Amino acid sequence: MVQTEGYARHHASRMKREQEKMRNFIGNLAFIAIMAGPVSAEGMITYTTDDSFDDVVFGLENAILDAGLVIDGLSHVGEMLARTKEDVGSEVDLYPQADVYSFCSAALSRKVMEADPTNIRFCPYDIFVAIMPDNPDQVTVGFEVYPDGPMKEVEALLDSIARAAVGQP
């Protein structure tokens with residue numbers, strides 16, 4: 001009986017230590033996820049800032065140009081959706097402000113398309129900047145997650161541009 005009670009106490013103490021380790025592990029994992037920076041949801045990477053929309057747009061345009069790229073297109077998606085909401089039978093205001101910047105890198109595009117000609121479907125590359133309806137006090141910058149392989153180099157370029165737009169290293 002004495003051995004059994006000792007074993008039970010030892011086992012309960014060990015279980016308690018293991019549970020504490022697991023709680024610490026989960027807490028650390030949650031902390032790492034929060035502090036990691038970019039948020040990836042449904043194939044998208046986003047960064048959010050308290051900076052004004054105009055400041056973020058200025059940062060994005062400069063980051064694109066600083067990378068040696070030319071802005072091919074600017075879509076004022078927020079304005080278009082506001083302008084056409086009644087035409088499509090909606091009363092919902094989606095974005096206070098939202099733009100999509102399109103651009104391409106001749107050298108990088110050639111590289112990824114030589115690796116796989118079907119990568120043409122990803123060109124031009126897009127980064128959006130928007131004030132989200134559920135978070136009107138912040139500006140979000142984001143872009144699509146690309147598939148594994150050569151397109152990850154493009155994703156890294158977009159990531160560096162998006163980070164620069166919101167003042168992250």
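A residue counts as buried when its relative accessible area is under 20%, as exposed when that area is over 50%, and as partly exposed in between. The exercises below apply this to a predicted model.

**Exercise 1. Classify S109 and describe its surroundings.**

Task: Determine whether S109 is buried or exposed, and state which residues it touches beyond four places in sequence.

Solution.
1. Locate the residue: S109 belongs to helix α4.
2. Apply the cut-off: the relative accessible area of S109 is 5%, so the residue is buried.
3. List the neighbours: leaving aside residues up to four places away in sequence, S109 touches C104, C123 and Y125.
4. Examine the side chain: S109 and Y125 are joined through their side chains by a polar contact of 2.8 Å.

**Exercise 2. Find the two faces of helix α4.**

Task: Identify which residues of α4 are buried, and explain why they line one face of the helix.

Solution.
1. Helix α4 spans residues 106-115, and L108, S109 and V112 are buried in it.
2. Viewed down the axis of α4, these buried residues fall within an arc of 100°, so they line one face of the helix.
3. The general rule is that an α-helix has 3.6 residues a turn, so residues three or four places apart point the same way.
4. On the face turned away from the buried side of α4 are the exposed residues A106, A107, R110 and E114.
5. The packing partners of the buried residues of α4 are β4 (98-104), β5 (125-132) and α5 (151-165).

**Exercise 3. Describe the largest nonpolar core.**

Task: State which residues of the largest nonpolar core touch the most other members, and which element gives the largest share of this core.

Solution.
1. The core has 30 residues, of which Y125, V129 and I161 touch the most other members.
2. Two or more residues come from each of β2 (44-49), α2 (53-66), β4, α4, β5, β6 (135-144) and α5.
3. Helix α5 provides the largest share of this core, with seven residues.
4. Take V129 as an example: not counting residues up to four places away in sequence, its contacts include F53, V56, V57 and L60, as well as Y101, V139 and V141.
5. The contacts of V129 also include Q97, D99 and T140.

**Exercise 4. Analyse the aromatic cluster.**

Task: Determine how many aromatic pairs there are, and which residues the ring pairs link into a cluster.

Solution.
1. The count comes to two aromatic pairs.
2. One is formed by F122 and Y146, with 5.1 Å from centre to centre and 85° between the planes, and is edge-to-face.
3. This pair links distant parts of the chain: F122 is in the loop between α4 and β5, and Y146, 24 residues apart from it, is in the loop between β6 and α5.
4. F122 and Y146 are both buried.
5. For Y125 and Y146, the ring centres are 6.4 Å apart and the planes stand at 80°, so this pair is edge-to-face.
6. Here too distant parts of the chain are linked, since Y125 is in strand β5 and Y146 in the loop between β6 and α5, 21 residues apart.
7. Y125 is buried, as is Y146.
8. Ring pairs thus link F122, Y125 and Y146 into a cluster.

**Exercise 5. Contrast Q138 with Y47.**

Task: Assign each residue to its exposure class, Q138 and Y47, and state which side chains make polar contacts with those of Q138 and Y47.

Solution.
1. Q138 is in strand β6, whereas Y47 is in strand β2.
2. The relative accessible area of Q138 is 23%, so Q138 is partly exposed.
3. Y47 has 2% relative accessibility and therefore counts as buried.
4. The side chain of Q138 makes a polar contact of 2.7 Å with that of D50 and one of 2.9 Å with that of N135.
5. The side chain of Y47 makes a polar contact of 2.3 Å with that of D159 and one of 3.4 Å with that of R163.
6. Turn to sequence separation: Q138 and T48 are 90 residues apart along the chain, with C-alpha atoms separated by 6.4 Å.
7. Y47 and V141 are 94 residues apart in sequence, and their C-alpha atoms are 5.3 Å apart.

Notes: Residues are numbered from 1 along each chain as its sequence is written. This is a predicted model: local features need pLDDT of at least 70, side-chain atom pairs count only at pLDDT 80 or more; totals for chains, interfaces and linings use all residues. Side-chain values use heavy atoms; hydrogens and water are left out. Buried means under 20% relative accessible area, exposed over 50%, partly exposed in between (1.4 Å probe, protein chains only). Helices (H or I, at least four residues) and strands (E, at least two) are DSSP runs, numbered from the N terminus. The arc is that of the directions from the helix axis to the C-beta atoms. Contact means heavy atoms within 4.5 Å. A nonpolar core is a set of buried Ala, Val, Leu, Ile, Met, Phe, Trp, Tyr and Cys residues joined through side-chain atoms within 4.5 Å. Rings of Phe, Tyr and Trp (its six-membered ring) pair if their centres lie within 6.5 Å; planes under 30 degrees apart count as stacked, over 60 as edge-to-face and the rest as tilted. A polar contact is a pair of N or O atoms within 3.5 Å; within protein, one must be able to donate a hydrogen and the other to accept it, and residues adjacent in sequence count only if both atoms are side-chain atoms.
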